[in-house]
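Subject: The structure we talked about

Hi,

Here is the structure I promised to pass on. Have a look at it first, then read my notes underneath.

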Amino acid sequence: MPTTTVPSAPSTKAHGGNGTRRRRHHAEGLEAGKRSTRTLLWILLAAAMIFYGFPFLYLLFTSFKTPIDTIAVPPTILPREWTLENYTNALGRSGVLASFINSAQTAIISTVLSLVLAVPAAYGITRYKTPSGRVFIMAALVTRMVPPVAIGIPLASMMSAAGLADTPIALSIAHTTISLPLSIWLMSSFFEAVPKDLEEAATVDGCSRLGALWRVVIPVVSGGIAVTAIFAFLASWNEFLFALLMTAVRSQTTPVVIANFQTQFGLDWGSMTALAAVYSIPVILLTLLLQRKIVAGMTLGAVKG
């Protein structure tokens with residue numbers, strides 16, 4: 001009687017081996033994709049840093065050039081001969097130290113005014129959510145779009161009529177008009193990221209609305225306050241138009257002094273770049289000191305409860 005051969009079932013071990021190989025190939029493909037994406041991101045980051053950092057590097061290198069090299073055609077990136085003459089000339093001019101003090105004083109006052117006005121305004125807008133609050137914040141953004149040159153001369157006339165001409169107070173108020181709308185907008189986004197449960201818990205523990213704001217909410221948004229403070233400080237520190245219109249001698253800021261560096265042959269590029277490089281140091285140090293606060297502020301809304 002003929003025997004019937006029954007086909008054997010495929011080996012489970014073989015199937016398992018094929019599946020393991022497929023998973024391994026898939027994992028290797030994913031890892032290779034991640035590596036290529038990471039490499040591409042690093043390349044784009046390096047290109048962006050070069051693109052944004054090259055003007056400052058060129059300014060820094062120019063500050064170490066001799067007067068002949070600063071006006072050489074074609075220009076060179078690196079100095080042919082390194083010198084500190086430009087720094088000596090720039091920092092030795094009369095009025096430079098006073099202009100640094102005026103710039104710092106004006107920027108600090110403007111930043112404090114912006115925060116004092118922006119924090120309660122943004123808190124009220126985000127917590128009460130009234131129609132007038134929404135209109136207010138949109139109006140604040142619209143005022144930010146107004147060109148400073150359109151309000152520079154009227155502001156200068158108002159400050160002169162108030163007896164504040166050529167004073168840091170007048171310039172600080174003018175700078176606050178620039179930084180305040182953006183400060184309100186930034187602080188509103190940071191307050192929005194804070195859960196209301198925190199305030200309710202503080203109220204249950206006996207805090208008033210103001211006490212909850214000061215003891216609970218403000219510490220949570222401290223990173224956002226640091227970010228807003230830096231933006232307000234930079235808006236005042238780098239501002240030129242209002243400083244040109246509203247200052248003469250006593251409260252003249254460094255950007256105006258840099259623009260006045262001229263010789264009988266034209267602009268003194270070496271001294272201008274040297275003073276500009278020194279003028280950049282406080283902002284760089286401030287950013288480094290508040291780096292953790294800035295990162296905390298930027299990521300405040302990322303894990304919203």
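Let's start with a puzzle: does D166 count as buried or exposed? With a relative accessibility of 12%, D166 counts as buried, because the cut-off for buried is under 20%. You can find D166 in the loop between α6 (148-161) and α7 (168-192). Its backbone is worth a look too: D166 is not a glycine, yet its phi is positive, at about 60°.

Before going further, keep in mind that this is a predicted model.

Now the overall picture. The chain has 14 helices and two strands. It is 305 residues long, and 36% of them count as buried. Of the contacts with a separation of 6 or more, 74% are between residues 24 or more positions apart. The chain exposes about 18800 Å², and carbon and sulfur atoms supply 71% of that area.

Back to the backbone. Most residues other than glycine have a negative phi, and most peptide bonds are trans. Besides D166, here are two more spots to look at:

- K129 is not a glycine either, and its phi is near 50°, a positive value. K129 sits in the loop between α4 (96-128) and α5 (131-144). Its relative accessibility is 40%, so K129 counts as partly exposed.
- The peptide bond from V73 to P74 is cis, with omega near -5°. P74 belongs to the loop between α2 (67-70) and α3 (85-92).

Next, a loop residue with little exposure. T253 lies between α11 (241-246) and α12 (254-259), and it counts as buried because its relative accessibility is 3%. Which residues is T253 in contact with, leaving aside its neighbours within four places in sequence? The answer is S99, N102, S103, T106, L171 and A243.

Two helices are good for practice. Take α9 (residues 209-220) to begin with: its twelve residues reach 15 Å from the first C-alpha to the last, close to the 16 Å expected at 1.5 Å a residue. In α9, G211, A212, L213, V217 and I218 are buried. What covers these buried residues includes α4, α7, α8 (196-204) and α10 (222-237).

Then try α13 (residues 269-289). How far apart should the ends of its 21 residues be, at 1.5 Å a residue? The expected span is 30 Å, and the end C-alpha atoms are 31 Å apart, so the two values agree. The buried residues of α13 are G270, S271, M272, T273, A274, L275, A276, A277, V278, Y279 and V283.

α13 also takes part in a nonpolar surface patch of about 530 Å², made by F56, L57, I281, I284, L285 and L288. Both α1 (12-62) and α13 supply at least two residues of this patch, and α13 gives the most, with four. One of the patch residues, I281, is found in helix α13. I281 counts as partly exposed because its relative accessibility is 43%.

If you want a route through the viewer, begin at D166 in its loop, go on to T253 and its contacts, and end at the patch that α1 and α13 share.

Cheers

Note on methods: Residues numbered from 1 in each chain as written. Predicted model: local features only at pLDDT ≥ 70, side-chain atom pairs only at ≥ 80, totals over all residues. Heavy atoms only, no water. Expected span 1.5 Å × (residues − 1). Buried < 20%, exposed > 50% of the residue type's maximum accessible area, 1.4 Å probe, protein only. Patch = residues over 30% accessible without salt bridge, like charges linked within 9 Å, V, L, I, M, F, W, Y side chains within 5 Å. Areas by Shrake-Rupley, 256 points an atom, 1.4 Å probe, with all protein chains shown as cover. Salt bridge = Lys/Arg side-chain N within 4 Å of Asp/Glu carboxyl O. Contact = heavy atoms within 4.5 Å.
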